[in-house]
Amino acid sequence: APVKVTKICCIGAGYVGGPTCAVIALKCPHITVTIVDLNQARVDAWNSPDFKLPIYEPGLDDVVRQARGRNLFFSTDVDKGIKEADLIFVSVNTPTKKSGVGAGFAADLNYVELATRRIAHVSESSKIVVEKSTVPCRTAESMRTILEANSKPNCRFDILSNPEFLAEGTAISDLFGPDRVLIGSLQTPEGKDACASLAGVYSNWVPTNRILSVGLWSSELSKLAANAMLAQRISSVNALSAICEATGANIDEVAHAVGYDSRVGNKFLRASVGFGGSCFQKDILNLVYLSESLHLPEVAAYWRQVVEMNEYQKKRFSKNVVDTLFNTITGKRIAVLGFAFKADTGDTRESAAITLIKDFQAERALVNIYDPQVEHNQIWADLTEAIPNTPLENIKKQVTISASALEACKGAEAVVIATEWKEFRDIDWALVYEGMNKPAFVFDGRLIIDAEKLRKIGFKVKTIGRGERV
Ligand code: UDX
Ligand code: UDX
Ligand code: ADP
């Protein structure tokens, strides 16, 4: 029969594990939730008295305020967390491998494996182990093999896959009202019982018709597939944006018209300077790697093109800036508004802004960056990684971080909007215009500004997916 879950441990206090398990604690006051992480600074931040949490997510501090100390705890004592729990989420990072077999494509499963081995090593009672990190197909099977090979008498491990579909910036509302909760299990009586135990946790706030039970491998593949198809929509609309710019059509009108078809749907069709984030590229590359290892080269090539189109979109955008500024930006100042990969997050992983700034730097432009959330240290770390063989002090000769959008635009020849922060819509553009060199250009990579209004002020405006004259 299904075990009634009373103690949950989550290994990994990152963007996924932190918000997810904080919401579980909030919605299930009868369950004790302990989130453990090896990173002391991260755990300290989760425990900080003034709620300066390690990640920025609207509504998150409110959830943590309500549950922390009641039934939600953060700790670096991984072993204790494992020992006490009857259900364990594995929510550690799974970055793309940087070396070895599959470098640049395959997921680095080292952290998953280490966490799994730790569970096997310290457990003194039976556990339901839930794979929460996005991982390639059949990882659960490897986890199961490790757990079973190391289990002790009276200690049984049931493995589930329960991928998380939250998007950053809307994590809390996504968790409060998910489109669906997906649980994959072995189709054995024990597997189905474990699935029912986890479903019992979610049913405290998620309607049961939104909790889907499938096989272990279907669950793993569904997560990769969902992200690949979402990214594919953006690459499709971005490919169309290039046609719009070349022909004078308007991508907003095209996306609107296409999205009205209920078979297509109207969400997630916004042309942009390119998608970013920790998931889309990584998961597609995983799918490509998986397809290749299954000897399906046509399938691999199909998905790879989604990433290539995204790279092309970023390159096309920075080339457009150079071309428009009379074929040279050497020594010219460019304000980049936004550094996060999307609005309402401080996360910069795979952000299009990084690629743009790298391109501007290579053209020897001067760049002012402003982002309302991203930590300065993060910007410097990202640029140092993106621009190899250049010491930070040299990068700093070309790149400055500004304290406001207005300050970033001062003395610039061009403003580039890289992230759709709401505040960029409400900038005092007349004041920006006064402070800029003329002709003053605006490149809207996010379709957020009113181009006509800016043209009346005097700006020359270029918008993604619009073919009109500047
Ligand atoms: C994504 C998935 O949405 C989520 O379900 C999964 O769990 C993790 O990956 P996330 O990366 O946090 O979430 O954000 P998302 O809103 O999907 O945006 C990804 C990127 O696509 C961002 O750079 C965003 O700006 C871009 N995007 C999104 C567009 O360019 N156009 C759109 O219409 C939507
Ligand atoms: C299509 C468009 O749907 C329609 O809006 C447009 O005006 C003309 O082209 P049609 O070709 O008549 O219409 O049929 P449709 O139902 O779209 O099917 C096209 C093909 O896709 C068929 O071979 C169908 O079997 C196949 N299909 C459709 C699938 O294989 N899977 C699906 O999920 C849907
Ligand atoms: P995600 O976006 O998938 O949540 P993050 O990198 O934000 O990824 O978070 C993963 C967290 O997992 C990190 O804080 C990292 O320190 C933690 N972690 C990785 N391996 C282990 C482990 N074996 N035990 C405990 N925590 C771990």
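This passage walks through two ligand surroundings, a cysteine listed in a database record, and a parallel sheet, all taken from a predicted model.

The surroundings of ligand 1 make a good starting point. Here 19 residues surround the ligand, and the closest are Arg270, Ser272, Phe275, Gly277 and Cys279. Helix α9, which spans residues 216-247, supplies the largest share of this shell, namely three residues. Sorted by chemical character, the shell around ligand 1 holds 11 nonpolar, four polar and four charged residues.

One of the closest residues to ligand 1, Cys279, deserves a second look. An unreviewed UniProt entry lists Cys279 under "active site". In the model, cysteine 279 sits in the loop between α10 (251-259) and α11 (280-293). Is this cysteine buried or exposed? Cysteine 279 counts as buried because 26 other C-beta atoms lie within 10 Å, and the cut-off for a buried residue is 20 or more. When neighbours within four places in sequence are left aside, cysteine 279 is in contact with Thr134 and Asn227.

Ligand 3 has a shell of its own. It is surrounded by 21 residues, of which the closest are Gly12, Gly14, Val16, Val92 and Asn93. The largest share, three residues, comes from helix α5 (residues 110-122). This shell divides into 11 nonpolar, eight polar and two charged residues.

Attention now turns to a sheet. In general, the strands of a sheet pair through backbone hydrogen bonds, either parallel or antiparallel. In this model, six strands form an open sheet with parallel pairing, and their order is β11-β10-β9-β12-β13-β14. Which strands stand at the edges? These are β11 (399-401) and β14 (460-463); each has a single partner strand, so one side of each is left without a neighbour in the sheet. On average, and with direction ignored, neighbouring strands of this sheet are turned by 20° against each other.

A closer view of one pair shows how such strands are joined. Strand β9 (residues 333-337) and strand β12 (residues 414-417) run parallel and are linked by four bridges. Valine 336, for example, has valine 416 in β12 as its bridge partner.

The UniProt record also has an annotation for this part of the chain. The unreviewed entry gives residues 335-451 as "domain: UDP-glucose/GDP-mannose dehydrogenase C-terminal". In the model, the span of residues 335-451 is 36% helix and 16% strand, and its end C-alpha atoms lie 17 Å apart.

Note on methods. Residues numbered from 1 in each chain as written. Chains lettered and ligands numbered in written order. Predicted model: local features only at pLDDT ≥ 70, side-chain atom pairs only at ≥ 80, totals over all residues. Near = placed C-beta within 6 Å. Helix = DSSP H or I, 4+ residues; strand = E, 2+ residues; numbered from the N terminus. Nonpolar A, V, L, I, M, F, W, Y, C, P; charged D, E, K, R; others polar. UniProt positions renumbered as here; feature names shortened; annotations may be inferred. Buried ≥ 20, exposed ≤ 12 C-beta atoms within 10 Å, placed from the backbone. Contact = placed C-beta atoms within 7 Å. Pairing = 2+ DSSP bridges. Axes fitted to C-alpha atoms, helices over the stretch in contact; angles between N-to-C directions.
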